[in-house]
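Student: I'm new to this structure and would love a close look at one single part of it. Please start with one residue and what surrounds it, and then work outwards from there.

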Amino acid sequence: MTNVTNPAAEQAAHRPPAIRAEGLEKRYPGGVQALRGVSFSVPAGTVFGLLGPNGAGKSTLVRILTTLSLPDRGSGVVAGLDLLREPAAVRRAIGVVAQRSGTDGNATGRENLLLHARLYGLRGAALTRRVEDLLQRFGLIAAGDRPARTYSGGMRRKLDVAMGLVHRPQVLFLDEPTTGLDPEARAEMWTELARLAGESSLTILLTTHYLEEADRLAQRLAIVDAGRVVAEGTPEELKRGEHGDTVSVELADPAAAAAAVAVLTRLPGIHQVAAEGRSLRARVSDGAGRVPAILASLSDAGIQAAAVTVARPTLDDVYLRYAGRSFAQAERTGAGADAPGAQGGPS
Amino acid sequence: MTVLGQSAAMTGRRLRALLRQPWYLAISLAQPVVWLLLFGQLFKRVVQIPGFGDASYVTFLTPGVVVMNALFAGTWAGMTLIEEMDGGVLDRLLASPLRPAALLAGELGYHALVVAVQSLLMIGLGVLAGARLAGGGAGMLVLVLAAALLASAVAALSNALALVLRRGESLIAASQFVALPLTFLASAFMPAGLAPGWIQAVERFNPFNWAVLAGREALAPDPSWGAAAGHLGALLALLLVAVFLTLRAFRGYRRSL
């Protein structure tokens, strides 16, 4: 960090972090160890993503950082306030959008916003103006006087976010903001969140199990698996750690696969060559630059390639490396750590 | 925002939701009326049993049905809390500056208010049906107060149970297991003197019966205000204990998150 030239980044580096978690541990009464010593910090004014499969402990972490739940061990500071010593002050400084919608279905969108604004101490003209601004901003003016239970999933989620913002918090927590939304509503929410991150000094912590979402929205992210942070960095840094790109070669003749593997393995800068049927996959540093050399040496050996593709590493590759299993696999088997007890607790 | 302001906001939220569901509102008003008329007809000739005393059964029954309505209204209170737990509303409120005490006070205020209105309606209907409530306005006030206190205390306990059980089915089963026996281990439908000795013994510890007795003592031709005040005091004490337990249950809920 010695040759930082971006003044904003430099400033951010000197400001205290907006969120700091240190060694957070949490075990639920049922014996489930949800967090096994989680530490990370989030610079003020940035969007930080917690990425992990269902059951990784993300929601538990959010519940602790929003003062809803207490850790067994460890400490945390949010917006400069100690979670355990000043929970009431933390609550006033943060906005929370939990995984399950916190909107009251029997109240209208406007009433939901008004109630929350009042709880945070807004009143009078400032209260009305703030609520109208938010309804406008999230496209809910027309639906403002309808009970929230008549809203679509996307509208209800927008109302949720608006409620989280009503008191202009310093830190906004978004727990799985797009889970359960259809692709169109998800894209809309992404646009909205990106706009939010761009225009204010708000710090956003978002949890997600969508790799694409983390990649698009978060400036930094931590990969969480089984109650631990297994990797942390910018999406680019994490992907760069993946030693190059994936080059896939589709062979014209599957019988030539073994010979092709031998050819590629001899080339410099190429690792982990594997064949499956007629297709070869290799990890290649500077994949695009080496494609001509790959094709030339295959052709020299009399092997014909039908197609070549180069793919930049994805967070999927990152996850696979740090968590030791693919994301999809973790989604299928990883459930449990987030679910407190058997008594129908929140999940 | 002050704790009082927060409580009022919570009560207002519930009242708006109630007014927005006309069917629910209609049923919640009609149900006690049905009880009054149904029980009035069913047990009409009970007064002929020697030792009953009072002239008309509807005079005897009115306080009993008013208080029964209060008890049942209170036992359902926890269901709303479970709905809000499942929907995420509770967590959102607990992560805001709202104090659990204000949340609870708002809930209890709502139940007390709704039960008070229902009670007044039922008293009016009872009078129309021929009940002679000699205690007059002051007596009716005592009955309404007793009903509201009982409803709030039971609503608080129902909320505490909801925070512990967290499932609608379990809460309904537990509430019915307690509420129904309470209504019959009391002198709501039958004077204490006609019940077996063991029931008379149990009645003395039954908060439902305290509320019935408070109303009846204050509505008698020769009201015994002292006895009524004693029963109101016991109901208030019960409410305070219930609030204490419910606030503890909120802390337990938070620990389990």
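Tutor: Leaving aside its neighbours within four places in sequence, A:Glu176 is in contact with A:Gln99, A:Thr207 and A:Thr208; two residues are in contact if their C-beta atoms, placed from the backbone, lie within 7 Å. This is a predicted model, in which local features need pLDDT of at least 70 and side-chain atom pairs count only at pLDDT 80 or more, while totals for chains, interfaces and linings use all residues. Residues are numbered from 1 along each chain as its sequence is written, and chains are lettered from A and ligands numbered from 1 in the order in which they are written.

A:Glu176 sits in the loop between strand 7 and helix 7 (183-199) of chain A. Helices (H or I, at least four residues) and strands (E, at least two) are DSSP runs, numbered from the N terminus. A:Glu176 counts as buried because it has 21 C-beta neighbours inside 10 Å; the cut-offs are 20 or more other C-beta atoms within 10 Å for buried, 12 or fewer for exposed, and partly exposed in between. For a sense of distance, the C-alpha atoms of A:Glu176 and A:Ala307 are 38 Å apart, with their positions 131 residues apart along the chain.

Now step out to the sheet. Strand 7 belongs to an open sheet of 6 strands in chain A, with the order 6-7-8-3-9-10 and mixed pairing; two strands pair if DSSP finds at least two bridges between them. At the edges are strand 6 (94-97) and strand 10 (228-233) of chain A, each pairing on one side only. From one strand to the next, the twist averages 15°.

Strand 10 of chain A pairs with strand 9 (residues 220-225) of chain A in the antiparallel sense, over 5 bridges. There, A:Ile223 stands opposite A:Ala231 in strand 10 of chain A. Helix 2 (residues 58-65) of chain A lies across strand 3 (47-51), strand 7 (171-175), strand 8 (203-208) and strand 9 of chain A, and runs at about 150° to strand 7 of chain A. Such angles run from 0 to 180 degrees between N-to-C directions, with axes fitted to C-alpha atoms, for helices over the stretch in contact.

Going further out, we reach the partner chain: 32 residues of chain A are in contact with 23 residues of chain B. On the side of chain A that touches chain B, helix 3 (87-93) and helix 4 (109-119) of chain A are the elements that give two or more residues. Helix 4 of chain A gives the most, with 5 residues. By class, that side has 13 nonpolar, 12 polar and 7 charged residues; Ala, Val, Leu, Ile, Met, Phe, Trp, Tyr, Cys and Pro count as nonpolar, Asp, Glu, Lys and Arg as charged, and the others, Gly among them, as polar.

Chain B itself has 11 helices and 0 strands. Its C-alpha atoms fill a box of roughly 60 × 35 × 35 Å, taken along the principal axes. Buried residues make up 47% of the 257 residues in chain B.
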